[in-house]
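Work through the exercises below with the sequence and the model open side by side. Each task is followed by a solution in steps.

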Amino acid sequence: MTLAKHSVRLPDGTESEYEVDESAPFAVATLLYDGEHVFLTRQYRYPIDQWIYDLPGGAGDPGEEPAEAARRELEEELGLVAQDLRPLHTFYTNPGRSAWPVHLFTCTSTTVGTAHVDDPAEQIRLVRMPLARLDALLAAHQIVDSSLLIARAMAAVTGFLPPIRPRR
């Protein structure tokens with residue numbers, strides 16, 4: 001992790017210091033949908049000591065384009081090669097302390113590639129989940145990953161996915 005200390009002058013003229021996370025130039029995540037199902041990752045996340053559902057993705061490399069990083073991460077984590085990657089939304093997970101954006105993408109068509117399982121800290125499982133099940137998990141507050149939450153909402157707002165169905 002790269003924390004940089006910045007001395008800043010705020011818009012009202014106040015001087016302050018900020019520690020900013022400059023660990024990565026950006027992050028990416030891809031929402032893969034096949035008409036009835038979404039493809040998610042199930043990963044153990046040490047900081048919260050939980051297995052969670054999230055989207056395939058990760059940090060971009062310096063000089064790498066976000067779409068290129070999304071394709072790389074999708075293949076590394078799930079062994080899938082995106083055929084129709086499209087931008088969905090860009091957001092900041094913590095704009096008060098982090099300078100890097102998260103670029104979300106969508107995809108509906110893939111071919112088989114080669115997953116990379118050489119990082120012991122990444123224990124990733126592919127999950128093919130019905131969209132209705134994902135929406136039920138959202139309603140039950142079982143989804144904690146911000147990229148997945150925002151991607152599902154933005155996919156509904158833009159018409160990429162059907163509206164989120166409230167639980168009755």
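**Exercise 1: Arg45 and its partner**

Arg45 is partly exposed, with a relative accessible area of 31%. The model is a predicted one, in which local features need pLDDT of at least 70 and side-chain atom pairs count only at pLDDT 80 or more, while totals for chains, interfaces and linings use all residues. Residues are numbered from 1 along each chain as its sequence is written, and side-chain values use heavy atoms, with hydrogens and water left out.

Task: With which residue does Arg45 form a salt bridge, and is Asp54 buried or exposed?

Solution.
Step 1. Apply the cut-offs for accessibility: buried means under 20% relative accessible area, exposed over 50%, and partly exposed in between (1.4 Å probe, protein chains only).
Step 2. Apply the salt-bridge rule, a side-chain nitrogen of Lys or Arg within 4 Å of a carboxyl oxygen of Asp or Glu. Arg45 forms such a bridge with Asp54, and the closest N and O atoms are 2.7 Å apart.
Step 3. Asp54 has 2% relative accessibility and therefore counts as buried.

**Exercise 2: A bridge between two strands**

Task: How many salt bridges does the structure hold, and which parts does the pair of Lys5 and Glu17 tie together?

Solution.
Step 1. The structure holds ten salt bridges.
Step 2. One of them joins Lys5 to Glu17, with 3.5 Å between the closest N and O atoms.
Step 3. Lys5 lies in strand β1 (residues 3-9) and Glu17 in strand β2 (residues 15-21), so the pair ties together parts that are twelve residues apart in sequence. Helices (H or I, at least four residues) and strands (E, at least two) are DSSP runs, numbered from the N terminus.
Step 4. Lys5 is exposed at 60% relative accessible area, whereas Glu17 is partly exposed at 48%.

**Exercise 3: The surroundings of Glu64**

Task: Where is Glu64 found, and which residues share its salt-bridge network?

Solution.
Step 1. Glu64 is in the loop between β6 (57-59) and α1 (66-78). Its relative accessible area of 10% makes Glu64 buried.
Step 2. The side chain of Glu64 reaches the backbone nitrogen of Asp61 at 2.9 Å. This is a polar contact: a pair of N or O atoms within 3.5 Å, where within protein one must be able to donate a hydrogen and the other to accept it, and residues adjacent in sequence count only if both atoms are side-chain atoms.
Step 3. Leaving out residues up to four places away in sequence, Glu64 touches Phe26, Ala69 and Arg72. Contact means heavy atoms within 4.5 Å.
Step 4. Arg72 forms a salt bridge with Asp61, with the closest N and O atoms 3.8 Å apart. Arg72 lies in helix α1 and Asp61 in the loop between β6 and α1, so the pair ties together parts that are eleven residues apart in sequence.
Step 5. Salt bridges with shared partners join Asp61, Glu64, Arg72, Glu73 and Glu76 into one network.

**Exercise 4: The nonpolar cores**

Task: Which residues have the most contacts inside the largest nonpolar core?

Solution.
Step 1. A nonpolar core is a set of buried Ala, Val, Leu, Ile, Met, Phe, Trp, Tyr and Cys residues joined through side-chain atoms within 4.5 Å.
Step 2. The largest one has 26 residues, and those with the most contacts inside it are Leu31, Val38, Leu40, Tyr53, Met129 and Leu134.
Step 3. At least two residues of this core come from each of β3 (27-33), β4 (37-45), β8 (86-91), β9 (102-107), β11 (124-130), α2 (131-139) and α3 (146-158).
Step 4. A second, separate core of 13 residues includes Val28, Leu32, Ala69 and Ala82.

**Exercise 5: Two loop residues**

Task: Is Ser98 buried or exposed, and which side chain does the side chain of Ser98 make a polar contact with?

Solution.
Step 1. Ser98 is placed in the loop between β8 and β9, as is Pro95.
Step 2. Ser98 counts as buried at 9% relative accessibility, whereas Pro95 is exposed at 63%.
Step 3. The side chain of Ser98 makes a polar contact with that of Trp100 (3.2 Å).
Step 4. Beyond its neighbours within four places in sequence, Ser98 is in contact with Val20, Asp21 and Tyr92.
Step 5. The C-alpha atoms of Pro95 and Val20 are separated by 9.3 Å, and these residues are 75 residues apart along the chain.
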